[in-house]
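Here is a short report on a sheet and a helix pair. Please keep the model open while reading.

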Amino acid sequence: MGTELRLSMATLARYSGTRQLPGVRRPQVIADTAVGEATAALGRQIQQSAAQVGELARARSEAEERHQKKIQAAHQYQIDHFEGTKRLVAFNASVPQIEAEARKNTKPGGAGYVAGVAEAYDNEAKQVIANTPPSARPIIQRGLVAQRPQVIARAEKSERLQRVQHYRDGVAEVAATTGASITADPATYDAAFGVCAQAISESGLAPTEKEVLLGSVKREMQLKFAEGQPAKERAKYSAVVEDANGNSEDQPDQGLAPDILERTDALTPKDMAEIGKKGQRDLISAAADKQDRYAQQIDTNLQDVDPDQIRNDPDLNETQKDRVLQRHAAAMEERDKEIDAVALVSTKGRLNPVDPEARGQVDRAWKVIGPNSPNPEASLAELVRNKGVIPELAIKEIEAGLEGRDWQQVLAAYGRASMLVDLDEVALTGSGYAETLKEAKSKWQFYTVKSGFSPEKAAQRLAAANDTDIAQKWEVLLQSRPVQTRLKYIDALYVERSFDPGIFSRGPKLGRTAAERAIAVDEYKKMFQDAIIEMGGDLNAAEDLAQERFKRTWAPSRFSTFGDGVVANFPVETFYPKLSKEGGYDYVAREAEKILSEEGVDYQSYAIVFNEDTFDDWRKGPIDERGFGPRMTLKYKGKDNKWHTLQGSFYVDIFGAASEEYEKREQALAEREAEFMAESERLKNLPSRYERKHHPPKAKTADGVYEAASGAVVQGAEKAVDAIRDVLPDRPTGGDPRSKRAGRGRGKR
């Protein structure tokens, strides 16, 4: 059972102060044994070691803290040093502004300019030093002190130049005043020249500069004196003589008066020739001015111009009269054409959008209607809807507005462009500006519909995009990390997702080969980069715009050799317009099937692809003068499962198909109108509410109701029996073979 522990008075003292007696499992119990004493010694050693380890950890923590403080101090010094350098560079850049401000406050002649520059420099330097961290102040102080002498020297040089220029400007002012008086009265030449000489003498210029300036002023005074002579006298100033070598030289005419020669003896032959030419010009200036007034009146107020007055004007020679009269006749002819054009567009009947004459008539009409209409956009829509032609002048106005910086002008331009795109597809294609207007509409929809901007806010952003400075800043976006990250993830699968109609269907594949997919992805990236700049850095809106543009030249097509499951480049849908929402491109399919039928081709399927002529036709115009679209190639897959090319070019009469579509819409509209009129007539013949209330129709009697109901029931039952008889098979003559009764026979009982 183990050794029994006896408790005595001797051993009781060992447990003095304990809470338990021996035998109970407490730390105090082991103190009575040798193992307990050894354990106690080991505990004391562990406590001492733990204390030493704690001291080491504390010392290491303090050392790491001191090291971190040194690192932070070094970093702070680098930051302060950078701040000081930055402030010094900024201050150096502001020195020209300091000089300009001091120049504004300088008195005439540059007085006090150096003192103003020095004071402004010192004040700005003190402010920069005060705002600089203490650790970086020595560097910026040394830079400011080293730069100050250069600034002061430049200011002293500028002050000297201002002083000299002030003297020259004063002399020039005096010379201009006296020169005008000489031109008005040549007899004041001597007095005026004396005033100029006195002004030069009293100036603070150097003696050499005074002599040069006096010679220049004398020549100017002589020119003013010559200009003051009558035009006939000045016309004689120039005469051409030839020396022995055959060289021509302008010399003063000897027919001039002696006093004139005396005042102009110092003029060079070149000056005299120029004065003579000016005199000749002045002789015809009156007639030229009157000719210009006639031309201005013809352009602005044609109805007030009298041709007889032009013919009898004594100031015009015959040549000038003929020019003015020809201008008047051309203006009258153009006005008559404008009147005829307005009358033409006021009548019903569509025109050919690619006919030059029709387009010219619509342009003349819009030239009159546009500026005078209270609502130009509504007038333009009515004109295009009635005649099927978009005025080129209106498109030029839209283009100017799209590139403008005035947001109100931009708002009107994008609104008109969107309206024209949705108004008439054939007129849009025939105008030759379909791509420009569609681009404008796409951009406008992304801002106002997808981006959620109001029309005013969208116009303001688009106007800001037309600013060259802002566009240069946006160019930096192309090298930013978000843009580069987005470009990194654009691949063939990324582009294919834009054609995916939804999660329950599979979208088309991008191209048939790896080379085609690489070309498509490269084009998409370029469109995306261009859209980023145009959309102001909005990556989501830029991606939508890039997808919209990409789908104009890359799209699945029912006319492709690959089928509508592959995204092909430049399909038929790129070059031919969609004439209606329901039919779409059925007119292209009908033309292709018609040609294949006429050729007697036995085919499984057919395709329409572009060729080298397609783009040439497209660049000349989406529709030619006959109304046909671009030339393409028609292929068909024969019974041998191989593709064959049909000889000759394939093209469709777009204008003819559009006319047929237009007639169908007009016919449908007429039928709907007839149905509406018939329904209106029927409703009109019905009794009114008053008649139904006060004169109700006579009620049927009970016998009449019963008779009508019985007749209906009997008639319905007869129809039901006839229907059952038609469905059931004929009954066999011997009875139903499946019944026992038929097996026994009818004769036996």
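The model is predicted. Start with one residue pair: lysine 637 faces tryptophan 643 of strand 8 across the pairing. Strand 7 covers residues 633-637 and connects to strand 8 through three bridges, the two running antiparallel.

**The sheet**

These strands belong to an open, three-stranded sheet with antiparallel pairing and the order 6-7-8. Strand 6 (605-609) and strand 8 (643-645) are the edges; each has a single partner strand, so one side of each lacks a neighbour in the sheet. On average, neighbouring strands are turned by 30° against each other, direction ignored. Strands of a sheet pair through backbone hydrogen bonds, either parallel or antiparallel.

A helix covers part of this sheet. Helix 25, residues 586-599, lies across strand 6 and strand 7, and runs at about 120° to strand 6.

**The helix pair**

Helix 20 (residues 481-488) packs with helix 22 (residues 514-534). Their axes are 11 Å apart, at an angle of about 155°. Angles over 145 degrees count as roughly antiparallel, and helix 20 and helix 22 are therefore roughly antiparallel to each other. The crossing of helix 20 past helix 22 is right-handed. The residues that make the contact are listed here.

| Helix | Contact residues |
|---|---|
| Helix 20 | Val483, Arg486, Leu487 |
| Helix 22 | Lys525, Phe528, Gln529, Ile532 |

Which classes make up the contact of helix 20 with helix 22? Four residues are nonpolar, one is polar and two are charged.

Terms used
Residues are numbered from 1 along each chain as its sequence is written. This is a predicted model: local features need pLDDT of at least 70, side-chain atom pairs count only at pLDDT 80 or more; totals for chains, interfaces and linings use all residues. Side-chain values use heavy atoms; hydrogens and water are left out. Two strands pair if DSSP finds at least two bridges between them. Helices (H or I, at least four residues) and strands (E, at least two) are DSSP runs, numbered from the N terminus. Axes are lines fitted to C-alpha atoms, for helices over the stretch in contact, and angles run from 0 to 180 degrees between N-to-C directions. Contact means heavy atoms within 4.5 Å. Angles under 35 degrees count as roughly parallel, over 145 as roughly antiparallel, 65 to 115 as roughly perpendicular and the rest as oblique. A crossing is left-handed if the near helix is turned anticlockwise from the far one by less than a right angle, and right-handed if clockwise. Ala, Val, Leu, Ile, Met, Phe, Trp, Tyr, Cys and Pro count as nonpolar, Asp, Glu, Lys and Arg as charged, and the others, Gly among them, as polar.
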